[in-house]
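Let's take a walk through this chain, starting with the overall fold and then zooming in on a few spots. Keep the viewer open as you read.

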Amino acid sequence: MCKVDFSKLKQHLSLLNAGEKEAFSKSCGTTLGYIRKRISLGLPFGYEISLLIASHGVMKPEELMPLDHHKYVWDMGHHATPTRK
């Protein structure tokens, strides 16, 4: 499996204070610990979390899930605006 380049996400998180990091993680439907784990392992996020991170403009969905079937998922209109939690 190819590792994901999360440099944009890491940079975004580095600009946030602790409370903002927690709020960002929650709005992406996950925890800061889970985001950090995926970053450290270089593993892609799942569909919903990828959409929510992308909705913040931090990274594009296809950057978050480069090996997934993005031609089908992202290009077939399945990328409707997600509901932030």
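What follows goes from the whole chain to one helix, then to a loop residue, some aromatic rings and a salt bridge.

First, a caveat: this is a predicted model. The secondary structure is simple to describe, with six helices and zero strands. Reading from the N terminus, that gives the order α-α-α-α-α-α. Of the 85 residues in the chain, 36% count as buried. The accessible surface is about 5,200 Å², and carbon and sulfur atoms own 56% of it. How about the contacts in the chain? Taking those between residues at least 6 apart in sequence, 59% join residues at least 24 apart.

Now zoom in on helix α2, which spans residues 18-27. Which of its residues are buried? They are K21, F24, S25 and S27. These four sit on the same side of α2, because they cover an arc of only 165 degrees around the axis. The general background is that an α-helix has 3.6 residues a turn, so residues three or four places apart point the same way. Flip to the face of α2 turned away from the buried side and you'll find the exposed residues A18 and K26. As for what covers the buried residues of α2, the list includes α1 (7-14), α3 (32-41) and α4 (47-55).

The two ends of α2 are worth a look too. At its start, N17 sends a side-chain oxygen to within 3.0 Å of the backbone nitrogen of G19. Just after α2, G29 takes a positive phi of about 75 degrees.

Move along to T30, which you'll find in the loop between α2 and α3. Is T30 buried or exposed? Its relative accessible area is 17%, so T30 counts as buried, the cut-off being under 20%. Set aside its neighbours within four places in sequence, and T30 is in contact with S25, I35 and I49. S25 should look familiar, as one of the buried residues of α2.

Next, the aromatics. The chain has two aromatic pairs. In one of them, the ring centres of F6 and F45 are 5.4 Å apart and the planes meet at 70 degrees, so the pair is edge-to-face. This pair links distant parts of the chain: F6 belongs to the segment before α1, while F45 is in the loop between α3 and α4, 39 residues apart. Both F6 and F45 are buried. Add Y34 to F6 and F45 and you have one aromatic cluster.

Last stop: how many salt bridges are there? The count is one. It is formed by E63 and K8, whose closest N and O atoms are 2.7 Å apart. E63 lies in helix α5 (residues 61-64) and K8 in helix α1, so the pair ties together parts 55 residues apart in sequence. Neither partner counts as buried: E63 is partly exposed at 25% relative accessibility, and K8 is partly exposed at 42%.

To pull some threads together, α1 turns up twice on this tour. It is among the elements covering the buried residues of α2, and it holds K8, the salt-bridge partner of E63 in α5. The loop between α3 and α4, meanwhile, supplies F45 to the edge-to-face pair with F6.

Definitions and conventions:
Residues are numbered from 1 along each chain as its sequence is written. This is a predicted model: local features need pLDDT of at least 70, side-chain atom pairs count only at pLDDT 80 or more; totals for chains, interfaces and linings use all residues. Side-chain values use heavy atoms; hydrogens and water are left out. Buried means under 20% relative accessible area, exposed over 50%, partly exposed in between (1.4 Å probe, protein chains only). The arc is that of the directions from the helix axis to the C-beta atoms. Contact means heavy atoms within 4.5 Å. A polar contact is a pair of N or O atoms within 3.5 Å; within protein, one must be able to donate a hydrogen and the other to accept it, and residues adjacent in sequence count only if both atoms are side-chain atoms. Accessible areas come from the Shrake-Rupley method with a 1.4 Å probe; for residues, only the protein chains shown count as cover. Rings of Phe, Tyr and Trp (its six-membered ring) pair if their centres lie within 6.5 Å; planes under 30 degrees apart count as stacked, over 60 as edge-to-face and the rest as tilted. A salt bridge is a side-chain nitrogen of Lys or Arg within 4 Å of a carboxyl oxygen of Asp or Glu.
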